[in-house]
Amino acid sequence: MAKAMVQATIPHSKPNTAYFERENGIYTLTMSAPSKIGLPYGTKPRLLLLWLTTQAVKTKKRTLVLGDSLSEFMNKLGLAPTGGRCGSITHLKEQMKRLFACSITCTRDDGSGWAVNNIQIASEANFWWNPQEPDQAGVWDSTITLNEDFFESLISEAVPIDMRLVGLIQGSPMAIDVYVWLTYRLAHLKKTTFIPWPLLHAQFGSQIVRRDNFQRNFREALHRACVLYPEAKVEPTKAGLTLRPSRRHIAC
């Protein structure tokens, strides 16, 4: 997964505005999108980012071929193609448009120093599939060309995860976020660390107003993530979350 999307994450549910912000200590991620398109949210843009990152690291190519047909590509994401206004095909098409049209800004501010990184995921995207015939191959290849800076960041510092396991929790965007975050955080943890609930709320649940609701949702997501990563030494308490040095989930 792209490191920038691990330290702070995209919306879980549909935002009411075309602007979104999440914080993780000195790190802040903000997203903006054309008002007519809107911001990406939910499971599907996460699956898209995971697949794009994996393919970029594997192939070392900026331009990625998505597949001969829409059904083939959705299978790669672990999605079953279903039609209709509320079907997975329509929703995936919408989320692809939202993800590749948005702009992302990452800032770090420790009070004395400040840094900024502006991210555009794709410089070009071409989708030639017919949603009405998802099994039919397009006349031309459907491709995504990653923005050069984004591509270079993936090659140099992408966070390794097990894409096969993510499919088991794709019904919960927060569970995906927690799983990916634990994989990254515990791989570098040298000593026992405590994170209070207010900081976790800012990082993972800024769309959930009530703190008690967030804690309940986070505990459920944490449980699902730890089923996939049983070596994770984590303990939720009344005050927050305790992390202890753990065996790496992905050897690298």
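The following exercises, each with a worked solution, concern a predicted model.

**Exercise 1. Describe the surroundings of S123, beginning with its secondary structure and ending with its contacts.**

Step 1. Residue S123 belongs to strand β6, which covers residues 122-126.

Step 2. The relative accessibility of S123 is 45%, and the residue therefore counts as partly exposed. The class follows because partly exposed covers values between the 20% limit for buried and the 50% limit for exposed.

Step 3. Beyond the neighbours within four places in sequence, S123 has contacts with R62, T145, L146 and N147. With R62, the side chain of S123 forms a polar contact of 3.4 Å.

Step 4. A separation of 60 residues in sequence lies between S123 and T63, whereas their C-alpha atoms are 9.7 Å apart in space.

**Exercise 2. Determine the strand order of the open sheet of 3 strands, and state which helix packs on this sheet.**

Step 1. The order is β3-β7-β6, and the pairing is antiparallel.

Step 2. Strands β3 (63-67) and β6 are the edge strands, each pairing on one side only. From one strand to the next, the twist averages 15°.

Step 3. Strand β7 (residues 142-146) is joined to β6 by 4 bridges, and the two run antiparallel. One specific pair is A122 with L146, its bridge partner in β7.

Step 4. The helix that packs on the sheet is α2 (residues 43-59), which touches β3 and β7. Its direction makes about 120° with that of β3.

Step 5. The loop between α2 and β3 contains K60. K60 is not a glycine, yet its phi is positive, at about 60°. With 52% relative accessibility, K60 counts as exposed.

**Exercise 3. Establish the strand order of the open sheet of 4 strands and characterise the pairings of β2.**

Step 1. This sheet has the order β1-β2-β4-β5 with antiparallel pairing. Its edge strands are β1 and β5 (114-119), each of which pairs on one side only. The twist averages 15° from one strand to the next.

Step 2. Strand β1 (residues 19-24) is connected to β2 through 6 bridges in the antiparallel sense. Within this pairing, Y19 has S32 of β2 as its bridge partner.

Step 3. The hairpin of β1 and β2 has 2 residues between the strands, and G25 adopts a positive phi near 65° there.

Step 4. Strand β2 also pairs with β4 (residues 103-109), again antiparallel, over 6 bridges. In β4, R108 is the bridge partner of Y27, and T107 stands opposite T28.

Step 5. In strand β2 (residues 27-32), 5 of the 6 residues are buried, so the strand is largely enclosed by the rest of the structure.

**Exercise 4. Identify the residues of the largest nonpolar core that touch the most other members, and find which helix supplies its largest share.**

Step 1. The core has 76 residues, of which L146, Y179, L182 and F218 touch the most other members.

Step 2. Helix α7 (residues 173-188) supplies the largest share of this core, namely 10 residues.

Step 3. Excluding residues up to four places away in sequence, F218 touches M174, V178, W197, L200, F204 and L241.

Step 4. L146 also has a place in the sheet of Exercise 2, as the bridge partner of A122, and it is among the contacts of S123.

**Exercise 5. Assess the length and burial of helix α7, and then describe the environment of T183.**

Step 1. The 16 residues of α7 reach 23 Å from first C-alpha to last, close to the 22 Å expected at 1.5 Å a residue.

Step 2. Of these 16 residues, 14 are buried, so α7 is largely enclosed by the rest of the structure.

Step 3. T183 is located in α7. Its relative accessible area is 5%, and it is buried; this assignment holds because buried means under 20%.

Step 4. A polar atom of the T183 side chain lies 2.8 Å from the backbone oxygen of Y179. An α-helix has 3.6 residues a turn, so residues three or four places apart point the same way.

Step 5. Apart from neighbours within four places in sequence, T183 contacts P160, I161, Y229, H249 and I250.

Conventions:
Residues are numbered from 1 along each chain as its sequence is written. This is a predicted model: local features need pLDDT of at least 70, side-chain atom pairs count only at pLDDT 80 or more; totals for chains, interfaces and linings use all residues. Side-chain values use heavy atoms; hydrogens and water are left out. Buried means under 20% relative accessible area, exposed over 50%, partly exposed in between (1.4 Å probe, protein chains only). Contact means heavy atoms within 4.5 Å. A polar contact is a pair of N or O atoms within 3.5 Å; within protein, one must be able to donate a hydrogen and the other to accept it, and residues adjacent in sequence count only if both atoms are side-chain atoms. Two strands pair if DSSP finds at least two bridges between them. Axes are lines fitted to C-alpha atoms, for helices over the stretch in contact, and angles run from 0 to 180 degrees between N-to-C directions. A nonpolar core is a set of buried Ala, Val, Leu, Ile, Met, Phe, Trp, Tyr and Cys residues joined through side-chain atoms within 4.5 Å. The expected span of a helix is 1.5 Å times one less than its number of residues.
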